[in-house]
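Thank you all for coming; I would like to walk you through a structure that is new to most of this group. Please keep the sequence and the model in view while I talk, and stop me if you lose the place.

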Amino acid sequence: MKYANLEWRDGQPYSPDFDDVYFSADDGIAETEHVFIHHNDLLLRFQQNTKKHFVIGETGFGSGLNFLIAVKHWLALSKTEQTLHFYSLENTPFTLDDIIQAQQVWPELSLLAAVFQKHYQVASYGFHQFDLFAGRVKLVLMIGEAQTMLTQMQSKVDAWFLDGFAPARNTEMWSDNIFSQIRRLSYASTTFSTYTAAGFVRRGLIDQGFTVEKVEGTGHKRHMLKGGLSDEDNVETKLLQPWFENKTQQLKNKKITIVGAGIAGITTAWALVKRGFEVEIIEAEKKVAAQASGNLQGILMPRLSLQDSADAEFYTSAFFYALRCLKELDNQQTCWQQTGGIQLASSERIKKQIEKYPQDKILAQVLDAKSATEISGLSIKESVHYFSQASCVSPQLLLQCMVDKMGDALKITYQAKVESIQFKNNQWQLINKANEVIKETPNLILANAWQVKQFKQFEHLQIQPVRGQLSYFKPNEKSKKLKMPISFDAYLMPENNGQHLSGASFELGDSDTELRIKDFRDNLQNINKWFGKIFVEDDICGGRASVRAVTPDRMPVVGCVSDQAQALIDYADLHKGKPAHQYPFTKVLPNLYVNAGYGARGFTSVFLCSELLAATICDEPLPVSNRVRYALHSSRFLIRSLKKRRV
Ligand SMILES: Cc1cc2nc3c(=O)[nH]c(=O)nc-3n(C[C@H](O)[C@H](O)[C@H](O)COP(=O)(O)OP(=O)(O)OC[C@H]3O[C@@H](n4cnc5c(N)ncnc54)[C@H](O)[C@@H]3O)c2cc1C
Ligand SMILES: C[S@@+](CC[C@H](N)C(=O)[O-])C[C@H]1O[C@@H](n2cnc3c(N)ncnc32)[C@H](O)[C@@H]1O
C-alpha cells in the first residue's frame with residue numbers, strides 16, 4: 001500500500017501527482033459546508049432521519065475534512081441511538097503525521113479531530129472499520145482503487161460526496177464504471193453532490209438515471225453539480241454472488257441466545273449488548289473460557305499473505321480492528337500488552353514474505369538478525385518480520401473483563417450442554433442429553449467451535465478439531481531476557497507470572513485434552529531447535545491441551561446459515577457457469593447464525609467477525625468487503641464443491 005505523496009503549500013496538502021489541492025485553499029470548511037453538507041440537505045435530513053442509521057459514501061477520503069464536518073453535524077443533530085456510517089474510499093491514504101498536520105489548520109474541529117486521530121491508522125488494503133464517538137459514528141475506510149472498492153461495497157448510500165481530484169486529471173474517479181457502481185449502491189432517496197460541473201461527469205450521472213442540477217458553486221468555482229434518483233426510479237440490485245446473499249430477516253425481539261462461552265460467544269455477546277440486546281449464553285462447562293479460549297496467554301499477530309486475496313484482507317483488517325477493540329475495552333492494558341512480536345522464517349512461505357512483503361512500521365518490518373536479537377532479547381540468527389503492534393493477550397482475564405462490563409445485559413447458564421437443536425413453532429429449541437428442551441429462543445447463534453458440527457444443521461461444515469498442547473517452562477537467565485512473543489512453527493511467550501508458555505502441538509482430527517508426555521518433549525525439542533538449549537526437561541512446570549476449530553481455508557465461519565437441502569437444489573447446476581443473477585438468493589434457516597471455526601489465530605480474527613455478525617443480525621451496513629463476507633460464509637464449501645461438480 002502506498003501513502004499519499006504530498007507537498008505542503010501554505011500549510012495545506014497538495015498533490016503533485018494530480019496537480020491539485022485536497023480542499024479549497026481559500027476556505028476548505030466553507031467549501032465542504034456548501035458543496036457536500038448543504039447540497040445534500042444533510043442538516044435537515046440528519047434531524048428528520050427516522051432510520052437507525054444514515055450512510056454517507058465518499059469518493060476520496062484525503063485529509064478527512066469532509067468526514068469531520070459531517071460528523072460534527074451528525075453529533076449535533078441526530079438522535080443518540082442512531083449511527084452514521086461513513087464509507088470513504090482512498091487508494092493513497094495519509095499517514096497519521098500527515099493527517100495531524102492537515103487537520104491542525106481547523107482549530108474549530110480540533111476536538112473531533114483529536115478523537116479521530118487517536119484511532120486513525122491505515123497500513124493495508126481493504127475495508128477498515130473505525131468505531132468512533134461511542135458507536136454514533138462508524139467510519140469504514142476502503143483502501144484501494146476506487147472502482148474495486150465500490151464493487152466490494154454492499155450497503156445502500158443515503159448521500160454521496162463525489163470528491164476526486166479535478167476530473168480532467170483524475171479520470172479513474174469519474175468514469176462510467178464508477179458512476180454505475182454509485183448507481184448500484186443508490187436507492188430512491190439517495191442524493192449526491194460534487195464541487196465539479198464538468199460536462200462528462202454530468203452526462204455520466206444522467207446516463208445512470210440520476211437527475212442532475214447545475215447550481216452555484218463556492219469560492220473560485222462558479223458552478224457545481226447536485227442531484228439524486230427520483231422516487232419513481234426502479235433501482236435494480238444486481239448482486240455478485242446470490243448464493244451468499246439472503247433476504248433480510250426480521251428480528252422478533254432483541255433477545256438472543258448464544259451457545260458457547262469462549263471468545264467467539266463472548267465477543268458476539270459484546271457486539272450485541274452494545275446494540276441493546278439481552279443475551280443469554282448456554283455453556284457446557286462451569287466457567288467462561290473453559291476450552292480453547294482458556295489458555296493463560298496468546299499472541300495477537302497478523303497473518304500476512306503476498307497475494308491480494310480475501311483472506312489476506314481479512315486477517316490484516318481483523319488484526320487492526322482487534323487492537324482497536326482491545327484499546328476500547330482495556331486501555332490500561334491489564335488483559336493484554338502491546339509488546340510487539342517477532343515472526344521467524346519458519347517456512348519457505350514465511351521466508352518469501354519476509355523478503356517480499358512491503359515494509360511498513362505500522363504493520364510489518366524486516367529486521368536483520370542483530371536488530372532482532374536486540375529488540376527481542378533472545379539470540380536470533382536470521383532476518384525476521386517484526387510486528388510493532390503485535391500483542392500478548394491473557395484470554396481468561398480478557399473474557400472475564402468483557403463479561404463484567406456487560407453486567408445484567410448478559411446472563412450465562414453454565415453446565416448446560418446442548419445436544420441438538422430444532423425449529424418448532426417459530427422458536428429454536430435447545431435440547432439436552434435427557435431430551436429435554438432447556439431453552440426456546442427465536443434468535444440463536446452457535447459459537448461452540450468445532451462442536452458445531454454435532455448439530456445436524458451443520459453436518460456439512462468443513463470444521464475439524466485440532467488438538468494443541470502448550471508447555472510451561474520455568475524461566476532462566478537466558479529466557480528471562482525475552483521481551484516479546486516469538487512465533488516460529490510454534491511460539492514462545494515472554495515470562496509471565498513466573499513461567500514461559502510455549503507450544504503448541506497441532507494434531508488434526510484429535511479432540512482429546514489429556515496432557516501427553518510426547519507433546520511436552522516435542523514442544524521442548526522445537527524450542528531448542530530455534531534457540532539453542534534454552535530449556536531442559538526439568539524446566540517444564542505444566543501445560544494445557546485444548547482444541548482449535550480449523551477449516552480447510554483457515555477462515556472462520558460467520559453469518560447466516562443456509563438451508564443446505566434447498567441450496568443443493570437451487571445451485572445444482574453452478575458448474576455450468578450461468579450468469580450469477582439467474583440464481584435465487586440462498587434460503588436461510590430462520591434467525592439462526594454461526595460464529596465458529598477459529599483456528600490458531602482466533603483472538604486476532606474474532607472481534608471483526610463478531611462485529612460483522614452483529615451488524616448482519618441487525619441489518620446494518622457491514623464492516624467488511626463483499627469478498628471477505630463471502631469468504632466467511634458457511635455455504636462456501638458447498639458452493640465450491642457445486643462449482644467443481646463434486647457434489
Ligand atoms: C494450544 C492453542 C494455542 C493457541 N494460541 C493462540 C494464540 O496464541 N493466539 C490466538 O489468536 N489464538 C490462539 N489459539 C486459538 C484460539 O484459542 C481459538 O481460536 C479460540 O479460543 C476459539 O474460541 P471459540 O470461542 O471459538 O472456541 P472455545 O473457546 O473452544 O469455546 C467454545 C465453547 O463452546 C462450549 N460448547 C461446545 N459445545 C457445546 C454445546 N453443545 N453446548 C454448550 N456449550 C458448548 C465449550 O464448552 C466452549 O466453552 C490457540 C489455540 C490452541 C488450542
Ligand atoms: C480531492 S481529494 C479528497 C479530499 C477529501 N475528501 C478531504 O476531505 O480531504 C481526492 C482524493 O481521491 C483519492 N483518489 C484519487 N484517485 C483515486 C483512485 N483511483 N482510487 C481511489 N482514490 C483515489 C486521492 O488520493 C485523494 O485523497
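Let me begin with aspartate 41, which has a relative accessible area of 41% and is therefore partly exposed, since that class lies between the 20% limit for buried and the 50% limit for exposed. You will find aspartate 41 in the loop between helix H1 (28-37) and helix H2 (42-48), and its phi is near 55°, a positive value in a residue other than glycine. I should say at once that this is a predicted model, so please take every value I quote as computed from that prediction.

A second aspartate belongs beside that one. Aspartate 10 sits in the loop between strand S1 (7-9) and strand S2 (12-15), and here too phi is positive in a residue other than glycine, with a value near 50°. At 81% relative accessibility, aspartate 10 counts as exposed. The reason for pausing on such residues is that most residues other than glycine have a negative phi, and most peptide bonds are trans. On the matter of peptide bonds, the one from glycine 503 to alanine 504 is cis, with omega near 5°, and alanine 504 lies in the loop between strand S28 (500-503) and strand S29 (507-508).

Now to the aromatic residues. How many aromatic pairs does the structure hold? There are 26 aromatic pairs, and I will take two of them. In one, phenylalanine 61 and phenylalanine 67 have their ring centres 5.9 Å apart and their planes at 50°, which makes the pair tilted. Phenylalanine 61 is buried at 5% relative accessibility, and phenylalanine 67 is buried as well, with a relative accessible area of 0%. In the other, tryptophan 243 and tyrosine 583 have ring centres 5.7 Å apart and planes at 80°, so this pair is edge-to-face. Tryptophan 243 belongs to the loop between strand S11 (223-228) and strand S12 (255-259), while tyrosine 583 belongs to the loop between helix H15 (564-570) and strand S32 (588-596), so the pair ties together parts that are 340 residues apart in sequence. Tryptophan 243 is buried, at a relative accessible area of 6%, and tyrosine 583 counts as buried at 7%.

The two phenylalanines of the tilted pair also belong to a cluster, since Phe36, Phe61, Phe67, Phe86, Phe116, Tyr120 and Phe161 form one aromatic cluster. Rings meet charges as well: the charged end of arginine 9 sits over the ring of tyrosine 14, 3.6 Å from its centre, and the charged end of arginine 324 sits over the ring of phenylalanine 130, 4.0 Å from its centre.

That brings me to the ligands, and I will take ligand 2 before ligand 1. Which of the 22 residues around ligand 2 come nearest? They are Gly60, Ser63, Glu90, Glu145 and Asp163. A polar side-chain atom of glutamate 58 is 3.0 Å from a nitrogen atom of ligand 2, a backbone N or O atom of glycine 60 is 2.7 Å from a nitrogen atom of the ligand, and a backbone N or O atom of leucine 65 is 3.2 Å from an oxygen atom of it. Taken alone, ligand 2 exposes 600 Å², of which the protein buries 98%. Helix H3 (65-77) and strand S5 (83-90) each supply at least two residues of this shell, which divides into seven nonpolar, 10 polar and five charged residues.

Around ligand 1 there are 37 residues, the closest being Glu283, Ser293, Ile299, Val418 and Gly599. Oxygen atoms of ligand 1 lie 2.9 Å from a backbone N or O atom of alanine 264, 3.2 Å from a polar backbone atom of alanine 292, and 3.3 Å from a backbone N or O atom of glycine 602. Ligand 1 taken alone exposes 1,000 Å², and the protein buries 98% of that. Among the elements that give two or more residues to the shell are helix H9 (263-273) and strand S30 (540-550), but the largest share, three residues, comes from H16. By type, the shell around ligand 1 holds 18 nonpolar, 14 polar and five charged residues.

Note on methods:
Residues are numbered from 1 along each chain as its sequence is written. Chains are lettered from A and ligands numbered from 1 in the order in which they are written. This is a predicted model: local features need pLDDT of at least 70, side-chain atom pairs count only at pLDDT 80 or more; totals for chains, interfaces and linings use all residues. Side-chain values use heavy atoms; hydrogens and water are left out. Rings of Phe, Tyr and Trp (its six-membered ring) pair if their centres lie within 6.5 Å; planes under 30 degrees apart count as stacked, over 60 as edge-to-face and the rest as tilted. Buried means under 20% relative accessible area, exposed over 50%, partly exposed in between (1.4 Å probe, protein chains only). Helices (H or I, at least four residues) and strands (E, at least two) are DSSP runs, numbered from the N terminus. A charge sits over a ring if NZ of Lys or CZ of Arg is within 6 Å of the ring centre and within 35 degrees of the ring normal. A residue is near a molecule or strand if one of its heavy atoms lies within 4 Å of it. A polar contact is a pair of N or O atoms within 3.5 Å; within protein, one must be able to donate a hydrogen and the other to accept it, and residues adjacent in sequence count only if both atoms are side-chain atoms. Accessible areas come from the Shrake-Rupley method with a 1.4 Å probe; for residues, only the protein chains shown count as cover. Ala, Val, Leu, Ile, Met, Phe, Trp, Tyr, Cys and Pro count as nonpolar, Asp, Glu, Lys and Arg as charged, and the others, Gly among them, as polar.
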